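Visitor: I like to see how each label on a structure is earned. Could we go through some of them together?

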Amino acid sequence: MSHPPLPEGFLLEDCRIERQLSQGGFSVVYLAHDAAGKAVAIKEYLPAGMAHRGADGVGVEPDAEHRAAFSNGLKCFFDEGRILAGIEHPNVVRVLNFFRANGTAYLVMRYEEGETLKEHARRLLERGEAVPEDFLRHVFVRLLDGLREVHQHKMLHLDIKPANIYVRRD
């Protein structure tokens, strides 16, 4: 089930929503700009099948039969934000802020220019090119280095796949 995104121009803390970037099973990610005009990514906890957007188009309301699961997931999402905010590593997305509002929680992250590994591979394949082995080795060494950092903070990433590996332009 797809949820309507927060409206363009909506002010969330000190960030103004520009547009939706992606939507997964548990969250919606937006491009926004902070008070200084710097681009940030905001991840909103909004699990499909457990909650819905309220009549105001902003608030998140858990479905009655999923209140306990929603609350538990919300706590885990917020705790994840707290841990990630303490990690400063070049291969782990930087969480700048995390907060609760509108019946849910949000992570404000550094916005990185780039594309997912899935998008990158698809683009190459559409041109009839293979993904170069040296590129994959380069990416996966950094991926594993970032995972080691996350694991040292007693966290596990339970959804590693090409769509969740982000390749920065640099």
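Visitor: Why is Glu 88 called exposed?

Guide: In this predicted model, Glu 88 has a relative accessible area of 64%. The label exposed asks for over 50%, so Glu 88 qualifies.

Visitor: And is its partner Arg 94 buried or exposed?

Guide: Arg 94 has a relative accessible area of 17%. Buried means under 20%, so Arg 94 counts as buried.

Visitor: What makes the pair Glu 88 and Arg 94 a salt bridge?

Guide: Their side chains come to 3.6 Å, N to O. The cut-off is within 4 Å, so the pair passes. By this rule the count comes to 12 salt bridges.

Visitor: How do you know that Glu 112 and Arg 110 form one too?

Guide: Their closest N and O atoms are 3.4 Å apart, and the limit is 4 Å, so this is a salt bridge as well. Glu 112, at 22%, is partly exposed, and so is Arg 110, at 35%.

Visitor: What separates Asp 145 and Arg 148 in helix 3?

Guide: They are three residues apart in helix 3 (residues 133-152), which means about one helical turn. Their side chains meet in a salt bridge at 2.7 Å, N to O. Both fall in the band between 20% and 50%: Asp 145 is partly exposed at 26%, and Arg 148 is partly exposed at 48%. Elsewhere, salt bridges that share partners join Lys 75, Asp 79 and Arg 82 into one network.

Visitor: How do you know that the span of helix 3 is close to what is expected?

Guide: Helix 3 has 20 residues and reaches 28 Å from its first C-alpha to its last. At 1.5 Å a residue, the expected value is 28 Å.

Visitor: Which residues of helix 3 are buried?

Guide: They are Phe 135, Val 139, Leu 143, Gly 146, Leu 147, Glu 149 and Val 150.

Visitor: Why are these buried residues said to be on the same side of helix 3?

Guide: Because they cover an arc of only 155° around the axis. As a rule, an α-helix has 3.6 residues a turn, so residues three or four places apart point the same way. Helix 2 (117-126) and strand 10 (166-168) are included in what covers the buried residues. On the other side of helix 3, the exposed residues are Glu 133, Asp 134, Arg 137, Val 141, Leu 144 and Gln 152.

Visitor: Which residues touch the most other members in the largest nonpolar core?

Guide: That core has 33 residues, and Leu 6, Leu 12, Ile 17 and Ile 42 touch the most other members. Among the elements that each supply at least two residues are strand 2 (15-23), strand 3 (27-33) and helix 1 (67-85). Apart from this core lies another, of seven residues, including Leu 143, Leu 147, Ile 165 and Val 167. In soluble globular proteins, nonpolar side chains tend to be buried together.

Visitor: Why is Gly 49 called partly exposed?

Guide: Gly 49 stands at 36% relative accessibility. That lies between 20% and 50%, so partly exposed is the label. Gly 49 is found in the loop between strand 4 (39-45) and strand 5 (51-53). Leaving aside neighbours within four places in sequence, Gly 49 is in contact with Asp 63 and His 66.

Note on methods. Residues are numbered from 1 along each chain as its sequence is written. This is a predicted model: local features need pLDDT of at least 70, side-chain atom pairs count only at pLDDT 80 or more; totals for chains, interfaces and linings use all residues. Side-chain values use heavy atoms; hydrogens and water are left out. Buried means under 20% relative accessible area, exposed over 50%, partly exposed in between (1.4 Å probe, protein chains only). Helices (H or I, at least four residues) and strands (E, at least two) are DSSP runs, numbered from the N terminus. Contact means heavy atoms within 4.5 Å. The expected span of a helix is 1.5 Å times one less than its number of residues. The arc is that of the directions from the helix axis to the C-beta atoms. A nonpolar core is a set of buried Ala, Val, Leu, Ile, Met, Phe, Trp, Tyr and Cys residues joined through side-chain atoms within 4.5 Å.
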